[in-house]
Structures are given as C-alpha cells and as structure tokens.
There are 2 protein chains.
Amino acid sequence: MTAALQKSTAVLAAIDGGASKTILRLLTPDGVVLGEGRSGPANVATDPDQACASIEAALRDALIAAQLQRHDIGREGLRVYAGAGVAGAEVAGRAAVIRDAFPDFAALVTRTDAYTSCLGAHGGKDGAVVAIGTGSVGYAISGDQSHRVGGWGFPQGDEGGGAWIGLQAVRHVLHCHDGREPKTDLFQRIWAKLDQDGTGDPLGWAIGASASRFATLTPIVISASHDRDQVASKILHDAAKEIANISSTLLKNKPFLHLPLSILGGLAPILLPYLPETTKKLIVAPKGDALDGAASLARKAWMKQEELFQGP
Amino acid sequence: MTAALQKSTAVLAAIDGGASKTILRLLTPDGVVLGEGRSGPANVATDPDQACASIEAALRDALIAAQLQRHDIGREGLRVYAGAGVAGAEVAGRAAVIRDAFPDFAALVTRTDAYTSCLGAHGGKDGAVVAIGTGSVGYAISGDQSHRVGGWGFPQGDEGGGAWIGLQAVRHVLHCHDGREPKTDLFQRIWAKLDQDGTGDPLGWAIGASASRFATLTPIVISASHDRDQVASKILHDAAKEIANISSTLLKNKPFLHLPLSILGGLAPILLPYLPETTKKLIVAPKGDALDGAASLARKAWMKQEELFQGP
C-alpha cells in the first residue's frame with residue numbers, strides 16, 4: 001500500500017460509465033488520487049453484462065496503478081466506497097445489477113451519467129446542466145429531487161445534438177437534389193463528404209445510418225456556417241433554440257427555479273453564442289466533470305457509513 | 001398450354017417487387033391473364049440475391065397457375081417479355097443484376113416500383129404520382145424523362161408518410177413527459193399504446209425502432225384527429241404540407257408541368273382532404289396499379305421485338 005493509504009483503509013472509487021468508454025478513479029477520502037483505469041463502453045440499459053465487465057476491467061487497471069491487489073477489497077481488508085454515473089441507469093432495476101456485480105464493495109451508489117455530470121459541474125451542490133455531444137440531455141438536481149429533459153435517443157429525441165444537426169444537413173442535401181430547395185454551398189460540401197465516404201451512392205449514405213454517422217457531418221455544418229452559408233447558420237440557430245428550450249423547461253418549475261446552469265459537451269462552445277440572453281445569464285462555468293460528480297457520490301456513501309461506525 | 005396461349009407463343013410477365021412482397025402476373029399480349037404468383041420481398045438495393053429469388057419463386061407459382069412448365073421458357077419455346085418494377089432499382093447496376101438472373105427471358109425491362117406505379121396509375125401514359133404508405137415518394141414520367149422527389153428513406157426522408165407521422169407523435173409524447181409541451185389527449189392515447197407494447201418502458205419504446213414500428217402509431221394519430229385533438233390534427237396538416245411540397249416540386253419544371261397527378265397508398269384518402277386546392281385541382285383517380293404499369297412495360301418490350309421480327 002502507498003503512503004497515502006496508510007492513514008485509512010477506506011478508498012473511494014469514482015466511476016464514469018458512458019456509451020463509448022468507462023473511467024474508474026481510486027482516491028482517498030481526502031481527495032488524493034491513487035490510480036485511474038480505463039476500459040470499454042458501459043451502457044447498462046443496452047448491455048448490462050458488458051457494463052459490469054467494463055467497470056471490472058477499469059477497476060483492475062486502477063488497482064495496478066494504485067499498487068493495490070484485487071483480493072485486498074472486502075470487508076476485512078480495503079473498504080471501497082464507490083459512486084457510479086452509468087449510461088442507462090434510469091431503467092428500472094439496472095442500478096441493482098451493477099450493485100450485485102460488486103458484492104465486495106462496502107458501498108456502490110449508481111445514478112445516470114447525466115446525474116454525475118450535473119453533480120460534477122456544480123461541485124456536488126444543486127444545479128442544472130445541458131450536455132451536447134452526439135446527443136443532448138438536460139438534467140437538474142435540487143436536494144433529493146432531480147429532473148431530466150430530453151436525451152430520449154435519436155431520431156425521436158436528442159434535439160440540437162450532433163446527430164440531429166447532421167440529420168438536418170442530410171435532409172437539406174436530399175431536398176436540394178430532388179428540387180425542393182435551391183442548391184447551396186452547404187449542399188456542395190456535404191455532398192462531397194457523402195460521395196467520398198465509400199458507400200458508392202451519396203443518396204443512399206443515410207439509409208440505416210447510426211446517430212454517430214449523422215454526427216460526423218456536424219463539423220462540415222460548423223465550417224460552412226463560419227463561411228456564412230445561410231442554411232448552415234440556420235441549422236445551428238435551430239439547434240440552439242432546442243437547447244434553450246431544454247434549458248428553460250429544466251428550470252421552469254419549483255424546486256428547480258433559478259438554479260445555476262452549465263452547458264457541457266463538445267458542442268457547448270459552438271452553440272453557446274447562439275443562445276438567447278435569458279439563457280446565457282444563468283450560465284456558469286462547470287467546476288468539474290462526471291468523474292468528479294461520481295467521486296462526490298462515493299464520498300457521500302463513505303460519510304454515511306462513517307457516521308454509522310462513529311455513532312451520533 | 002391453355003386455349004389463350006395457342007394463338008401465340010409470346011407471353012408477358014408483369015412483376016411488382018416491393019420491400020415486403022413480390023407479385024408476378026403472366027398474361028397474353030392482348031391482356032388475358034394466364035396466372036399469378038406471389039412471394040417474399042424484392043428490394044434489389046438492399047438484397048439483390050433475395051430479390052431475384054423472390055421473382056423466381058413468384059414466377060414458378062404463376063407458371064403453375066397458368067399450366068405452363070418452367071423449361072418451356074426459352075428461345076425455342078415460350079418467349080417471355082417481362083416488365084418489372086422493383087424497389088431499389090435506381091441504384092446503379094441493379095437492373096442488370098435482375099436481367100442476368102433470367103437469361104431465358106426474351107426481354108426483361110426493370111425500373112423502380114415508383115416508375116411502374118406511375119405508369120399504372122396513368123394507363124401507360126405520361127403523369128405523376130405521390131405514393132404515401134409507411135414512406136412517401138413522388139414520381140413523374142414525361143416521355144423518356146422521369147423525375148423523383150422524396151422517398152430517400154427514414155428518418156432523413158419519406159416526409160408525410162406513416163413512419164414520419166408516428167415519429168412526430170413520439171416526439172410530442174416525450175416533450176409532454178419531460179415538460180416541454182402540455183399533456184394532450186393524443187399524449188394519453190400514444191402513451192397507452194407504448195405502455196402496452198411490452199418493451200417494459202414507454203420512454204424506451206422508440207430506441208432503435210424501425211420505420212414500420214413508428215408507422216404503427218399512425219392510426220392512433222388519425223383517430224385522435226377525428227376526435228378533434230389539435231396536436232394530432234396539426235401533425236396530419238404538416239404531413240399534407242410535405243405531400244403538397246413533393247407534388248408541386250414534381251410538377252414545377254418542364255417537361256413535367258401540368259401532368260395529371262394521382263395520390264396513391266394507404267394514407268392517400270386520409271391526407272387528401274388536407275391538401276391545398278391548387279394541388280387538389282391536378283388530382284385524377286388512378287387507372288391501375290404497379291402491376292398494370294409493369295404489364296405495359298412488358299408490352300412495350302414485346303412490341304419492340306415484334307417490330308424487329310416483322311420489319312418496318
């Protein structure tokens with residue numbers, strides 16, 4: 001065991017399990033990082049077994065980095081207090097699946113990755129976030145209550161996200177091709193991309209395309225907008241309207257009124273300038289990320305247990 | 001051979017190959033039906049082998065009904081002149097795949113099923129159609145020229161079709177659920193359907209859903225609109241706007257100006273009342289279906305060959 005560990009046998013595990021990767025960070029209760037591990041996807045709604053396996057793999061990596069042994073974990077050895085933000089954890093029964101996969105942990109609290117992102121952005125305090133990547137989702141926390149807006153998947157939800165932006169661009173291209181709209185600079189740029197992507201048919205590029213595939217077109221829409229293409233600018237404006245709608249819905253009722261709001265994700269800096277002033281006024285810079293949020297979940301679990309040990 | 005055949009050894013084969021089923025009708029050059037066969041899907045873009053196999057299976061059925069033998073077909077025996085409307089035949093090289101699969105036919109002309117629907121609707125003459133089922137597509141024929149609008153697949157195209165209508169309904173339900181829109185009668189009806197469909201999670205019902213699955217919600221939107229739900233009525237109005245846009249784009253340029261227009265498919269009677277007067281004025285009842293269109297393609301191929309035999 002390392003020097004930092006000698007003071008205590010309790011270790012926190014912060015877990016960020018997303019649709020594409022998992023990160024697990026081990027730290028002491030006073031915040032000293034002991035080690036970190038990474039592995040594959042953890043979406044507990046679509047593949048619970050894979051989600052548990054990804055967390056286990058990331059744990060083993062982190063233990064090696066922290067110079068700890070897997071069999072140290074347990075009631076008599078190292079007490080691990082874990083907080084996890086996992087994609088799909090809002091589906092009934094899924095948090096319990098993850099809990100049951102790690103019976104040697106002293107505690108394992110699982111929430112959605114939107115929840116831990118929100119907790120991380122506001123340093124464990126009440127607040128709201130809208131995350132904009134391939135998809136989009138809004139989340140607000142006020143004490144024990146939380147509220148989600150959006151993030152229902154593509155194409156039925158995830159408005160304003162990268163896949164949604166790519167879909168609007170493809171629709172424009174198809175409408176230009178068949179005569180419903182006049183051809184634009186954006187049309188030429190997207191068509192060139194669809195043509196070089198190797199499906200052999202630019203018009204068939206989108207058939208059965210995944211959300212990620214549609215999202216690959218977003219950088220082209222952004223660069224066309226920089227070059228003053230009006231259709232591209234309108235698509236980004238419309239995306240920002242969707243984000244503003246998610247934001248205002250998130251904060252419109254008690255107990256979520258007037259919470260500080262952070263806009264997260266790769267598209268945040270792109271869409272921020274397009275947001276209305278009323279939304280911009282509420283925005284604060286995020287204090288931390290989903291892993292920080294997971295760490296504060298883990299810390300809460302540890303404090304609860306400590307209270308039980310020490311009595312009132 | 002039957003009585004009808006004794007006058008001639010030339011037989012026409014009309015083929016309607018769609019995304020869900022194939023029908024093949026054998027008839028004499030003067031239009032007497034000899035037999036008909038049915039089989040599975042024929043989409044030559046997504047599965048060329050299956051498309052050829054479905055046509056072969058429908059052919060064998062039709063031959064049995066006509067009391068003919070498969071080995072009668074060939075240069076020395078029965079001369080088969082076929083016209084086929086096959087889904088996906090606009091993709092480069094796919095018509096040739098079907099031609100090559102039937103080397104014993106005297107002729108086999110393949111076009112898309114939108115083309116044969118258009119030909120059938122207008123009795124083999126110039127005209128335009130918009131077909132509205134699960135998807136939507138517009139097609140116009142003027143002499144040797146044809147033009148397509150829409151039909152690029154779901155969710156990027158097929159505007160105003162059943163899947164598109166279902167998608168709007170699901171978006172409304174999700175927005176009602178998360179607070180972006182007030183709850184309506186349509187919300188209650190669609191929610192009840194998503195809840196009883198057995199996925200265990202109405203909010204997850206749409207994740208990865210196919211176009212056909214979204215289209216199953218269309219009858220609910222129609223009945224809610226009958227009962228004066230305003231959101232349901234707006235969805236049908238918006239669908240009709242898309243169909244009107246496809247129609248007017250189809251007919252806006254030479255040589256397609258002022259062509260007669262037919263609205264085909266299961267949703268035609270639903271959306272017709274919502275179309276603008278300018279569109280309604282152009283609408284004529286269809287004279288026949290895609291199989292009739294395929295038969296007129298076959299007849300043209302036969303006449304061309306007869307001219308060659310008989311000289312000028």
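User: In which hand does α6(A) pass α8(A)?
Analyst: This is a predicted model. Helix α6 (residues 185–196) of chain A and helix α8 (residues 218–226) of chain A have axes that come within 10 Å. α6(A) goes past α8(A) in a crossing that is right-handed.

User: Is α6(A) roughly parallel or roughly antiparallel to α8(A)?
Analyst: The two axes cross at roughly 155 degrees. Angles over 145 degrees count as roughly antiparallel. α6(A) is therefore, relative to α8(A), roughly antiparallel.

User: How many charged residues does the contact of α6(A) with α8(A) have?
Analyst: α6(A) brings A:Leu186, A:Arg189, A:Ile190 and A:Lys193. They meet A:Ile220, A:Val221, A:Ser223 and A:Ala224 in α8(A). By class there are 5 nonpolar residues and 1 polar. Arg and Lys count as charged, and the number of charged residues in this contact is 2.

User: At roughly what angle do α8(A) and α9(A) cross?
Analyst: α9 of chain A spans residues 230–250. Its axis and that of α8(A) come within 7 Å. The crossing is left-handed. The angle is roughly 120 degrees.

User: Which residues of α9(A) does α8(A) meet?
Analyst: On the α8(A) side stand A:Val221, A:Ile222, A:Ala224 and A:Ser225. The contact has 6 nonpolar, 2 polar and no charged residues. The α9(A) residues are A:Ala232, A:Ser233, A:Ile235 and A:Leu236.

User: In chain B, is α2(B) oblique or roughly parallel to α3(B)?
Analyst: Helix α2 (residues 48–65) and helix α3 (residues 94–101) of chain B have axes 10 Å apart. They pack at an angle of about 45 degrees. Angles under 35 degrees count as roughly parallel. The angle of about 45 degrees thus makes α2(B), relative to α3(B), oblique.

User: How many nonpolar residues does the contact of α2(B) with α3(B) have?
Analyst: From α2(B) come B:Pro48, B:Cys52 and B:Ile55. From α3(B) come B:Arg94, B:Val97, B:Ile98 and B:Ala101. There are no polar residues and 1 charged. The nonpolar residues number 6.

User: Which strands stand at the edges of the open sheet of 5 strands in chain B?
Analyst: The order is β3-β2-β1-β4-β5, with mixed pairing. An edge strand here has a single partner, so one side is left without a neighbour in the sheet. The edge strands are β3 (33–39) and β5 (107–111) of chain B.

User: In β2(B), which residue is the bridge partner of B:Ile15?
Analyst: β1 (residues 10–17) and β2 (residues 22–27) of chain B pair over 6 bridges. The pairing is antiparallel. Opposite B:Ile15 in β2(B), the bridge partner is B:Leu24.

User: Which strands does α4(B) touch as it packs on the sheet?
Analyst: α2(B) also packs on this sheet, touching β1, β2, β3 and β4 (79–86) of chain B. Its direction makes about 145 degrees with that of β3(B). Helix α4 (residues 113–121) of chain B makes about 105 degrees with β4(B). The strands touched by α4(B) are β1, β4 and β5.

User: How many residues lie between β7(B) and β8(B) in their hairpin?
Analyst: β7 (residues 136–142) and β8(B) pair in the antiparallel sense over 6 bridges. One bridge pairs B:Ala140 with B:His147. B:Gly143, in the turn, has a positive phi of about 60 degrees. The number of residues between the strands is 2.

User: Which residue does a cis peptide bond join to B:Phe154?
Analyst: Most peptide bonds are trans. Here omega is about 10 degrees, and the bond is cis. The partner lies in the loop between β8 (145–150) and α5 (162–178) of chain B. The residue is B:Pro155.

User: Where is A:Gln67 found?
Analyst: Most residues other than glycine have a negative phi. A:Gln67 has a positive phi, near 55 degrees. A:Gln67 sits in chain A, in the loop between α2 (48–65) and β4 (79–86).

User: By what turn can chain A be laid on chain B?
Analyst: The fit has an RMSD of 0.1 Å, with a shift of 0.1 Å along the axis. The copies are thus related as by a two-fold rotation axis. In chain A, the C-alpha nearest that axis belongs to A:Pro155, 3.5 Å away. The turn is 180 degrees.

Methods: Residues numbered from 1 in each chain as written. Chains lettered and ligands numbered in written order. Predicted model: local features only at pLDDT ≥ 70, side-chain atom pairs only at ≥ 80, totals over all residues. Heavy atoms only, no water. Least-squares fit on C-alpha atoms with pLDDT ≥ 70 in both. Axes fitted to C-alpha atoms, helices over the stretch in contact; angles between N-to-C directions. Helix = DSSP H or I, 4+ residues; strand = E, 2+ residues; numbered from the N terminus. Parallel < 35°, antiparallel > 145°, perpendicular 65-115°, else oblique. Contact = heavy atoms within 4.5 Å. Pairing = 2+ DSSP bridges. Left-handed = near helix turned anticlockwise from the far one by under 90°.
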